[in-house]
Amino acid sequence: MTHQNGPTPAKVQFLEISDGNEGQRIDNFLMTKLKGVPKTLVYKILRKGEVRVNKKRIKPDYRLQLGDLVRVPPVRVAERKEPARIGEKLLEELEAAVLYEDDDLIVVNKPSGIAVHGGSGISLGLIESFRQMRPRSNFLELVHRLDRDTSGCILLAKKRSALKLMHESLQKSTITKIYHALVVGSWSERTKRVDAPLRKNELKSGERMVKVMADGKKSLTEYRVIERYGHEATLIEARPITGRTHQIRVHCQFSGHPIVGDKKYGRDDDNLAMKNKGFNRLMLHAAELRFPLPSGGRKVVVAPLDLSLQKSLQQLKRKVK
């Protein structure tokens, strides 16, 4: 069903703050609740005192408390199309991909090819899908991101307090991300770390490319060889110490061993040769995630590579023996 595009008048709303919005700034809260309303209007109704919290005027930087009653004045919001609905097949696939879930967090073994969020022609991403799959959750946000073609562990927060803790943990490096990648050629045992600055560039087409450049941001990745497949390919472990866009992919390319199936930073001939051996996607997988739990202690979650690719690796191993 599609709504009409014309704006509709709204009524005064009284919203009670739950733990999902506790600690959020009132201006950010309003922008989420009044999607389609210009930021200038949000700040105008705050400045004029039309927004009240517990019947009192507040400033835009006021942080909401549990149980606060927020008065939102009538505003005209352009009605939008209903979001795409998750299909039965995708729903089953994503439910089966849940590796860990508690009251605060979800860890999903994201399949390759699924974007983490909608946009740029994608109507339904991972986070939009889980919001439909967990309709009772008042709050559900991505803690971090993975490229669309990268598979493996991705963390979702079910509470704002959990999201804040996870972001602080990322900044303090108390969350460890471990990736597995199949790269072209024989990776040198001497290459245990790549310390090469990265800079994002945007091409005329709008495509985003990352390059090793002297004036880029400091970027460090640690590597370890897991298994060799002759001189054809190497399965490596990669631990990004910094968190730059496409960091592992560009550092592999810079080392002379692009990741198998990498259409952006790899070589077409290599990708075609490996595709004929069963590797028809980017062979980068977020294999393990280690993180602190809001309830105390730490959790280690391991995401298995899908069975078809495990089989292709076994076949590659047999051929090089």
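Val 53 has Lys 56 in β4 as its bridge partner. The strands involved are β3, covering residues 52-53, and β4, and they pair in the antiparallel sense over two bridges. Since this is a predicted model, everything described here is computed from predicted atoms.

**The sheet around that pair**

Zooming out a little, β3 and β4 belong to an open sheet of four strands, ordered β2-β5-β3-β4, with antiparallel pairing. The edges are taken by β2 (13-16) and β4 (56-57); each has a single partner strand, so one side of each is left without a neighbour in the sheet.

**The whole chain**

The protein chain contains eight helices and 18 strands. Its C-alpha trace spans about 75 × 40 × 40 Å along the principal axes. Of the 321 residues in the chain, 41% are buried.

**A hairpin to look for**

Another antiparallel pair joins strand β7 (residues 98-101) to strand β8 (residues 105-110), this time over three bridges. Three residues sit between β7 and β8, and the two strands form a hairpin. To find your way in it, start at Tyr 100, whose bridge partner in β8 is Val 107.

**Salt bridges**

Side chains of opposite charge can pair when their charged atoms come close. The structure holds 20 salt bridges, and three of them are listed here.

| Pair | N to O distance |
|---|---|
| Glu 101 and Arg 134 | 3.0 Å |
| Arg 228 and Glu 189 | 3.6 Å |
| Glu 227 and Lys 317 | 3.1 Å |

Glu 101 and Arg 134 meet in a salt bridge whose closest N and O atoms are 3.0 Å apart. This pair links distant parts of the chain: Glu 101 is in strand β7, while Arg 134 is in the loop between α4 (126-133) and β9, 33 residues apart. Is each partner buried or partly exposed? Glu 101 is partly exposed, because its relative accessible area is 32%. Arg 134 is buried, as its relative accessible area is 14%.

Next comes the salt bridge between the side chains of Arg 228 and Glu 189. Arg 228 lies in strand β15 (residues 220-229) and Glu 189 in the loop between β11 (176-184) and β12 (193-195), so the pair ties together parts 39 residues apart in sequence. Arg 228 is partly exposed at 31% relative accessibility, and Glu 189 is partly exposed too, with a relative accessible area of 46%.

Strand β15 also takes part in the salt bridge of Glu 227 with Lys 317. Here Lys 317 is in helix α8 (residues 307-320), so the link ties together parts 90 residues apart in sequence. Glu 227 has a relative accessible area of 25% and is partly exposed, and Lys 317 counts as partly exposed at 28% relative accessibility. Beyond single pairs, salt bridges that share partners join Glu 95, Glu 101, Arg 134 and Lys 158 into one network.

**Charges on the surface**

Which residues form a positive surface patch? They are Lys 200, Arg 208, Lys 217 and Arg 244. Lys 200 is found in strand β13, residues 198-202.

One more arginine deserves a look. Arg 145 is in the loop between β9 (141-142) and β10 (151-157), and it counts as exposed because its relative accessibility is 55%. Its C-alpha atom is separated by 6.6 Å from that of Val 116, although the two residues are 29 residues apart along the chain.

Key: Residues numbered from 1 in each chain as written. Predicted model: local features only at pLDDT ≥ 70, side-chain atom pairs only at ≥ 80, totals over all residues. Heavy atoms only, no water. Patch = residues over 30% accessible without salt bridge, like charges linked within 9 Å, V, L, I, M, F, W, Y side chains within 5 Å. Areas by Shrake-Rupley, 256 points an atom, 1.4 Å probe, with all protein chains shown as cover. Salt bridge = Lys/Arg side-chain N within 4 Å of Asp/Glu carboxyl O. Lys, Arg positive; Asp, Glu negative; His and termini not counted. Charge placed at Lys NZ, Arg CZ, Asp CG, Glu CD. Pairing = 2+ DSSP bridges. Buried < 20%, exposed > 50% of the residue type's maximum accessible area, 1.4 Å probe, protein only.
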